[in-house]
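Please read the following walk through the chain with the sequence and the coordinates side by side. It moves from a loop to the cores and then to the packing of the helices.

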Amino acid sequence: MSTHAKRERLLLADLLETEGPDAPTLCEGWNTRDLAAHVVVRERRPDAAGGILIKQLASRLDRVMAEFTEKPYEELIQLIRTGPPRFSPFSLKQIDEASNAIEFYVHTEDVRRAQPDWVPRELDSVFQDALWSRLERGARLMGRSAPTGLVLRRPDGQTAVAHRGTPVVTVTGEPSELVMFVHGRQNAADVELEGDKEAITKLHEAKQLGI
């Protein structure tokens, strides 16, 4: 049975192919070629991918990213489609699903929502529930640097605390939109914010959300 991560992987690859290598994305400073290179490096070059989180490895990551952005765009897309090599932890179905369902969803939306004519994508309830489950577990990591207290709320009232503090801002939306919000795509997320006006402004402008 296909997993959510597998589906989003193929959607991302198809979208990158359709848009071409020079299309904009929501990732500041990146076009579709840069985004494709990032996805491939993350899965296939663990020696460099650590630079995403570890500052001491950032220069190595930059060098490897530069190498991969020089590869033919079609090759990058094919590497995304075929997935990680066997020696990669991402080749294990459980790890792939846990690590990549949100990763590929967000990057697919990074491409879609950067286009002027984009329209919302309808997601089935099973995928929304899967996103919420991962969001609940990772909310405090994603919101750890929020400048205000931050509570995430589904339309049905389920909540997750992403950051303790005052004043508190409550962000309400479908799990897919909350995922976009806490991954630093606040201005592209279809959500409603409740709380102190100044705190809402700070949260909308915050660069610290996400990893």
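Where is the place of Pro-155? In this model, which is predicted, Pro-155 lies in the loop between S1 and S2. With a relative accessibility of 55%, Pro-155 counts as exposed, because the cut-off for that class is over 50%. Even so, Pro-155 has contacts beyond its sequence neighbours: leaving out residues up to four places away, Pro-155 touches Thr-172, Gly-173 and Glu-174. The C-alpha atom of Pro-155 is separated by 6.0 Å from that of Gly-173, a residue 18 places apart from it along the chain.

Another proline, Pro-167, sits in the loop between S2 and S3, and the peptide bond that leads from Thr-166 to Pro-167 is cis, with omega near -5 degrees.

From these loops the reader can turn to the nonpolar interior. In soluble globular proteins, nonpolar side chains tend to be buried together. The largest nonpolar core here has 29 residues, and those that touch the most other members are Leu-150, Leu-152, Val-171, Phe-181, Leu-193 and Leu-203. At least two residues of this core come from each of helix H6 (93-112), helix H7 (125-142), strand S1 (149-153), strand S2 (159-163), strand S3 (168-172), helix H8 (175-182) and helix H9 (197-205), and H7 provides the largest share, six residues. Val-171 can serve as an entry point to this core: if residues up to four places away in sequence are not counted, Val-171 touches Leu-150, Val-151, Leu-152, Arg-153, Leu-178, Phe-181, Val-191, Glu-192, Leu-193 and Leu-203. There is also a second, separate core, which consists of 22 residues, among them Val-39, Leu-61, Tyr-73 and Ile-77.

How do H6 and H7, which both supply residues to the largest core, meet one another? Their axes come within 11 Å and cross at roughly 110 degrees, and H6 and H7 are therefore roughly perpendicular to each other. The crossing of the two helices is left-handed. On the side of H6 the contact is made by Glu-97, Ala-98, Ala-101, Ile-102 and Tyr-105, and on the side of H7 by Phe-127, Leu-131 and Arg-134. Sorted by character, the residues of the contact between H6 and H7 are six nonpolar, no polar and two charged.

Ile-102 of H6, which takes part in that contact, also reaches His-183, a residue found in the loop between H8 and strand S4 (192-194). Apart from neighbours within four places in sequence, His-183 is in contact with Ile-102, Val-106, Met-142, Leu-209 and Gly-210. Although His-183 and Gly-210 are 27 residues apart along the chain, their C-alpha atoms are separated by 4.2 Å.

H6 packs against H2 as well, at an angle of about 170 degrees and with the axes 11 Å apart, and H2 and H6 are therefore roughly antiparallel to each other. In this pairing, Thr-32, Leu-35, His-38, Val-39, Arg-42 and Glu-43 of H2 meet Ser-99, Asn-100, Glu-103, Phe-104, His-107, Asp-110 and Val-111 of H6. The residues of this contact divide into four nonpolar, five polar and four charged.

Helix H2 (residues 32-44) has a further partner in helix H5 (residues 73-82), and these two pack at an angle of about 45 degrees with their axes 9 Å apart. H2 and H5 are therefore oblique to each other, and H2 passes H5 in a left-handed crossing. The residues in contact are Thr-32, Arg-33, Ala-36, Ala-37, Val-39, Val-40 and Arg-44 of H2, together with Tyr-73, Leu-76, Leu-79, Ile-80 and Thr-82 of H5. The contact of H2 with H5 is made up of eight nonpolar, two polar and two charged residues. Val-39 and Tyr-73, which belong to this contact, are also included in the second core.

Is Ala-13, finally, buried or exposed? Ala-13, whose place is in helix H1 (residues 4-19), has a relative accessible area of 0% and is buried. Not counting residues up to four places away in sequence, Ala-13 touches Ile-77, Ile-80 and Arg-81. The C-alpha atoms of Ala-13 and Thr-108 are separated by 8.6 Å, with these positions 95 residues apart along the chain as their spacing.

Note on methods
Residues numbered from 1 in each chain as written. Predicted model: local features only at pLDDT ≥ 70, side-chain atom pairs only at ≥ 80, totals over all residues. Heavy atoms only, no water. Axes fitted to C-alpha atoms, helices over the stretch in contact; angles between N-to-C directions. Helix = DSSP H or I, 4+ residues; strand = E, 2+ residues; numbered from the N terminus. Parallel < 35°, antiparallel > 145°, perpendicular 65-115°, else oblique. Left-handed = near helix turned anticlockwise from the far one by under 90°. Contact = heavy atoms within 4.5 Å. Nonpolar A, V, L, I, M, F, W, Y, C, P; charged D, E, K, R; others polar. Core = buried A, V, L, I, M, F, W, Y, C linked by side-chain atoms within 4.5 Å. Buried < 20%, exposed > 50% of the residue type's maximum accessible area, 1.4 Å probe, protein only.
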